[in-house]
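Hi,

Here is the model I said I would pass on. Have a look at it first, and my notes on what turned up are underneath.

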Amino acid sequence: MPYQIISFLLDVTIGLLGGACLLRLYMQYQRVPFGNPVGRFVFALTDWLVLPLRRVVPAPGRWDLASLAGAFLLVLAQYIVLWLLAGAESALIFLPVLAAFGLVRLVISGLTGLLIVYAVMSWVQTGGSPLFHVIERLCEPLLRPIRRIVPLVGGIDLSPLVLLVLLQVASMVWWTIQAAVLH
């Protein structure tokens, strides 16, 4: 029982901090200004980790690899703690591979959460909200290709739903690949 509680708390904490690192990476790639509440929140959560990493991890073009490295290190730390709590029975060499799988899982769940927030906010007509504009800028590049294929149905945009289904399929495929690789 204590292992499950610690695992859950680590999942929530690393999900929040690692997700913020990944959101920082994506916001910088999409050139979303950080002067909004979302940007300030992301900076407040990630500066302690990303700024020191920038000294050793270069940023090629628009990709802030220090943010990606920060997210990876957080997930790796989570798996190391769980490995130690579980009695360190498996080989330590698998932890970076497991962390890479965990990082992809974090990306998929982060995109899923972002799309759900976008869909809900678009339904409740919060178009004037600065938060909605940030989320819209982050979701639009993902939804644009789907909108070219999936037409409006009765005036309703189904592209967020289609992308959510695709993300769930990607999650299932990823779990299958992870299980095959790690067993």
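Let me start with the largest pocket, which comes out at about 720 Å³ in this predicted model. Its lining runs to 25 residues, and the ones nearest the centre are Gly19, Leu23, Gly110, Leu111 and Leu114. Four helices each put at least two residues into that lining: helix 1 (2-29), helix 2 (37-54), helix 4 (95-123) and helix 5 (130-149). As for chemistry, 20 of the lining residues are nonpolar and five are polar, with no charged residues.

The second largest pocket has a volume of about 200 Å³. If you want to find it on screen, pick out Tyr118, Ala119, Ser122 and Trp123, then Arg147, and then Gly155, Ile156, Asp157, Leu158, Pro160, Leu161 and Leu164, which together line the second largest pocket. Helix 4 and helix 6 (159-182) each give at least two residues to this lining, and helix 4 has the largest share with four. Here the classes split into eight nonpolar, two polar and two charged residues.

There is also one cavity of 30 Å³ or more in the structure. The space in this largest cavity is about 30 Å³, and the residues around it are Arg105, Ile108, Ser171, Trp174, Trp175 and Gln178. Helix 4 and helix 6 turn up again, each supplying at least two residues of the cavity lining. This time the largest share, four residues, belongs to helix 6. By class, the cavity lining has three nonpolar residues, two polar ones and one charged.

Now the cysteines. The structure has zero disulfides. Cys21 is in none, and the nearest cysteine sulfur to it, that of Cys139, is 19 Å away. Seen from the other end, Cys139 is not in a disulfide either, with the sulfur of Cys21 as its nearest at 19 Å. A disulfide would need the two sulfur atoms within 2.5 Å, so this pair does not count as one. Both side chains are out of the way of solvent by the numbers: Cys21 counts as buried because its relative accessible area is 1%, under the 20% cut-off, and Cys139 is buried too, at 0% relative accessibility.

Cys139 leads on to helix 5, where the buried residues are Phe132, Val134, Ile135, Leu138, Cys139, Glu140, Leu143 and Ile146. Glu140 deserves a second look, as a kink of about 45° lies there, shortly before the proline Pro141. What does the end-to-end length of helix 5 say against the expected span? With 20 residues at 1.5 Å a residue, helix 5 should span 28 Å, and its end C-alpha atoms are 29 Å apart, so the two agree.

Last, the overall picture. The protein chain has six helices and zero strands, so the pattern along the sequence, α-α-α-α-α-α, holds helices alone by the DSSP runs. Its C-alpha atoms fill a box of roughly 55 × 35 × 35 Å along the principal axes. Of the 183 residues in the chain, 34% are buried.

That is what I have for now. Shout if anything is unclear.

Cheers

Methods
Residues are numbered from 1 along each chain as its sequence is written. This is a predicted model: local features need pLDDT of at least 70, side-chain atom pairs count only at pLDDT 80 or more; totals for chains, interfaces and linings use all residues. Side-chain values use heavy atoms; hydrogens and water are left out. On a 1 Å grid over the protein atoms alone, a cavity is a set of points where a 1.4 Å probe fits but cannot get out, and a pocket is an open set with protein on both sides within 12 Å along at least five of seven lines; lining residues have an atom within 4 Å of a point. Grid points are joined across faces, edges and corners, and a volume is the space filled by probe spheres set on the points. Ala, Val, Leu, Ile, Met, Phe, Trp, Tyr, Cys and Pro count as nonpolar, Asp, Glu, Lys and Arg as charged, and the others, Gly among them, as polar. Buried means under 20% relative accessible area, exposed over 50%, partly exposed in between (1.4 Å probe, protein chains only). The expected span of a helix is 1.5 Å times one less than its number of residues. The bend at a residue is the angle between axes fitted to the seven residues ending there and the seven starting there.
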